[in-house]
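Dear colleague,

Please find below the sequence and structure that I am handing over to you. My findings on its strand pairing and its principal pocket follow.

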Amino acid sequence: MKTHIKRAAVVLGAAGMIVAGGGATAIATGAKHTRIEFQMVRSANSVNTGCLPDAKAKVTVQSKGPVEVMTIVASGLPKNTEFDLFVTQVPNAPFGLSWYQGDLDTNRSGTATGRFVGRFSIETFSVAPGTAPAPVVHTSPIPDASSNPRTNPVHQYHLGLWFNSPKDAVAAGCQKDPNAVTPFNGDHTAGVQALSTRNFPDDHGPLRDLRP
């Protein structure tokens, strides 16, 4: 279940400064850090299984006031393969609260470009003031919850990229069981994580450095 939306790109230039965080570096520009650039790297799973040795992604986020425009250019991935992008609370399992942002589909060279419009800054968060009924759309293999847990605001500053299909993850050498699924796609039948921002601290993902 995948929905593709084409969005216009916005390119703005400015002089840069370096913002460091736990061995990772985001390039921020503007008086309020309204534009950032950073790298996604191989996920913990990719490193542990020895797959995708050349995989990486460059991410640029530009503030447009009420929203941000995020551009991702990924390379070193399997060719002609579908991936799912999430904004996550932490970069590694158990990932915390996570938000399905959209899709990246590679070409025959294993590269993919995606542009997304949303809230990708220090103001990115989820909140549930109380418990309420939730629609149950999927009942298998990973069923939807019928209600939400109550939570105060929880910020999400990390990114993760998942294989849309477990079979593609198996073919790439990133997982062994073609029947093992994760909830990280539109119908909760995704494979394992391929890229992430684990090069940043759990509590200081790169989106935290953009201040519109």
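**Strand pairing and the largest pocket**

Ile72 has Gly114 as its bridge partner in S8. Please bear in mind that this is a predicted model.

The pair just mentioned belongs to the contact between S5 and strand S8 (residues 112-118), which are antiparallel and share seven bridges. Ile72 of S5 is also the bridge partner of Val59. Strand S4 (residues 56-63) pairs with S5 in the antiparallel sense, over eight bridges. Within S5, Met70 is the bridge partner of Val61.

The connection between these two strands may also interest you. S4 and S5 make a hairpin in which four residues lie between the strands. Gly65, located in the turn, has a positive phi of about 85°.

S4 has a further antiparallel neighbour in strand S3 (residues 35-42), to which six bridges join it. Here Ala57 in S4 stands opposite Met40.

On burial, I considered the two hairpin strands in turn. In strand S5 (residues 68-75), six of the eight residues are buried, so this strand is largely enclosed by the rest of the structure. The term buried refers here to a relative accessible area under 20%. Six of the eight residues of S4 are likewise buried, so S4 too is largely enclosed by the rest of the structure.

I then turned to the pockets. The largest pocket has a volume of about 810 Å³. Strand S7 (98-105) and strand S9 (125-128) are the elements that contribute two or more residues to the lining of this pocket. In total, 26 residues line the largest pocket. Which of them lie nearest its centre? They are Leu97, Ser98, Asp144, Ala145 and His188. Divided by class, the lining of the largest pocket comprises 14 nonpolar, 11 polar and one charged residues.

When you open the model, I would suggest beginning with S5, since the pairings with S4 and with S8 can both be followed from there. The lining of the largest pocket can then be viewed from Leu97, Ser98, Asp144, Ala145 and His188, the residues nearest its centre.

With kind regards

Terms used. Residues are numbered from 1 along each chain as its sequence is written. This is a predicted model: local features need pLDDT of at least 70, side-chain atom pairs count only at pLDDT 80 or more; totals for chains, interfaces and linings use all residues. Side-chain values use heavy atoms; hydrogens and water are left out. On a 1 Å grid over the protein atoms alone, a cavity is a set of points where a 1.4 Å probe fits but cannot get out, and a pocket is an open set with protein on both sides within 12 Å along at least five of seven lines; lining residues have an atom within 4 Å of a point. Grid points are joined across faces, edges and corners, and a volume is the space filled by probe spheres set on the points. Ala, Val, Leu, Ile, Met, Phe, Trp, Tyr, Cys and Pro count as nonpolar, Asp, Glu, Lys and Arg as charged, and the others, Gly among them, as polar. Buried means under 20% relative accessible area, exposed over 50%, partly exposed in between (1.4 Å probe, protein chains only). Two strands pair if DSSP finds at least two bridges between them.
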